[in-house]
Amino acid sequence: MLFSSSLLAIVGAGDQPSLSPRRLCLFNTTTGAALRELNFLTSILAVRMNRQRLIVILQDKAYVYEINSLTILDTIDTVPNIKGLCAFSPCLDACYLALPASTTKGSALLYNVMDCHLHCEIEAHRSPLAAMVLSSNGMYIATASEQGTIIRVHLVSDATKSYSFRRGTYPSTIFSLSFGPSKQLPDILAASSSSGSIHLFTLGFASHPRSKRSSGFLGSIIPGAVNDVLDPAYHHVLHNAVSAGVKSHAIIRKVENVTNSSSSELLACRAIMSVITYNGYFQEYNLSIDAQNELSWSLVREFNLLTATMDKAS
């Protein structure tokens with residue numbers, strides 16, 4: 001879906017001739033009509049959109065289109081990308097597309113898709129990438145490798161590492177990463193994993209100690225030992241949020257900061273997080289992290305999307 005509009009990009013699963021995995025259909029939900037179709041030689045693995053660009057990811061190529069005319073602007077040859085791994089910024093001022101740069105190590109290529117040029121390469125991990133996401137303003141990129149033990153955040157403008165968080169000691173598959181929406185440094189980064197836990201990393205509180213020691217923007221350039229992992233106090237876990245082994249996506253949908261009116265000190269960070277699982281469940285959480293960096297949360301609602309759809313149909 002293009003933001004909250006009526007435009008959907010639909011790719012079939014191949015179970016019917018009309019739903020080919022090689023065909024992309026742009027569909028208007030208001031009129032119920034198909035607007036345009038794009039056909040490819042191999043299966044479409046991912047689709048991303050913002051108000052000016054449409055990105056289509058195949059196993060060894062990425063196509064960049066102007067979304068209104070569907071004029072093809074660029075074709076990017078990629079390393080084999082069987083999972084369709086990519087990250088895309090919805091912001092037009094910093095409109096970046098991130099793609100894996102290697103199948104043997106965790107590096108990412110970032111393209112400016114408004115000007116159609118390679119911006120930089122970020123070497124984030126020793127193992128191949130498993131997940132990555134760009135912040136809503138396009139300023140930061142978070143990555144996780146196939147090991148899944150460390151989450152790293154880089155400043156896109158100059159490819160410098162800003163934060164490193166340890167998710168755990170034992171390997172785990174990171175299914176999704178999500179920044180909270182923000183105009184500057186995102187306050188929260190969420191990660192869903194194969195263990196069934198949801199991990200929350202509080203960048204907003206973590207930035208304060210560093211900003212006192214660094215002249216960089218919000219402490220984004222690490223002084224001293226750049227390989228140090230941040231204090232585990234900035235890491236919170238919702239254990240057994242979903243069934244272990246079930247693929248899930250966690251999205252930070254809304255963030256509200258509570259500050260001291262006189263000193264502008266950050267007192268608390270509140271957020272709404274949605275989780276959707278591949279066995280059909282939807283969950284919504286209210287999260288709150290106070291000035292002592294303690295997390296409180298509540299499950300606001302949970303239901304089975306498949307059951308709800310069938311009940312509606314009947």
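This tour proceeds through a four-stranded sheet, a pocket, a cavity and a buried loop residue. The structure is a predicted model, and the stops below are given in a convenient viewing order.

**Stop 1: the open sheet**

Select β20 (248-259), β21 (266-277), β22 (281-290) and β23 (295-304). These 4 strands form an open sheet in the order β20-β21-β22-β23, with antiparallel pairing. At its edges lie β20 and β23, each of which pairs on one side only. From one strand to the next, the twist averages 15°.

Next, restrict the view to β20 and β21. The two strands run antiparallel and are joined by 11 bridges. Within this pair, His249 stands opposite Ile276 of β21. Keep His249 displayed, as it returns at the next stop.

**Stop 2: the largest pocket**

Display the largest pocket, which holds about 2,000 Å³ of space. Its lining comprises 43 residues; Val47, Arg48, Val133, His249 and Ile251 are the closest to the pocket centre. Centring the view on these five residues is a convenient way to begin.

Then colour the contributing strands: β1 (7-11), β4 (46-49), β8 (87-88), β12 (129-134), β16 (174-179), β20 and β21 each supply at least two residues of the lining. Two strands of the open sheet, β20 and β21, are thus among the contributors. Which strand gives the most to the lining of this pocket? The answer is β16, with 6 residues. Colouring the lining by class shows 30 nonpolar, 10 polar and 3 charged residues.

**Stop 3: the cavity**

Turn now to enclosed space. A search of the whole structure finds 1 cavity of 30 Å³ or more, and the largest cavity has a volume of about 30 Å³. Select Val64, Asp74, Ile76, Tyr111, Asn112, Val113, Cys116 and His117 to show its lining. Of the strands, β7 (72-77) and β10 (106-112) each supply at least two of the lining residues. By class, the cavity lining has 5 nonpolar, 2 polar and 1 charged residues.

**Stop 4: Asn293**

Finally, return to the sheet and select the loop between β22 and β23, where Asn293 is found. Is Asn293 buried or exposed? Its relative accessible area is 12%; Asn293 therefore counts as buried, because that class covers values under 20%. Add Thr202 to the selection: the side chains of Asn293 and Thr202 make a polar contact at 3.4 Å.

How values were computed
Residues are numbered from 1 along each chain as its sequence is written. This is a predicted model: local features need pLDDT of at least 70, side-chain atom pairs count only at pLDDT 80 or more; totals for chains, interfaces and linings use all residues. Side-chain values use heavy atoms; hydrogens and water are left out. Buried means under 20% relative accessible area, exposed over 50%, partly exposed in between (1.4 Å probe, protein chains only). A polar contact is a pair of N or O atoms within 3.5 Å; within protein, one must be able to donate a hydrogen and the other to accept it, and residues adjacent in sequence count only if both atoms are side-chain atoms. Two strands pair if DSSP finds at least two bridges between them. Axes are lines fitted to C-alpha atoms, for helices over the stretch in contact, and angles run from 0 to 180 degrees between N-to-C directions. On a 1 Å grid over the protein atoms alone, a cavity is a set of points where a 1.4 Å probe fits but cannot get out, and a pocket is an open set with protein on both sides within 12 Å along at least five of seven lines; lining residues have an atom within 4 Å of a point. Grid points are joined across faces, edges and corners, and a volume is the space filled by probe spheres set on the points. Ala, Val, Leu, Ile, Met, Phe, Trp, Tyr, Cys and Pro count as nonpolar, Asp, Glu, Lys and Arg as charged, and the others, Gly among them, as polar.
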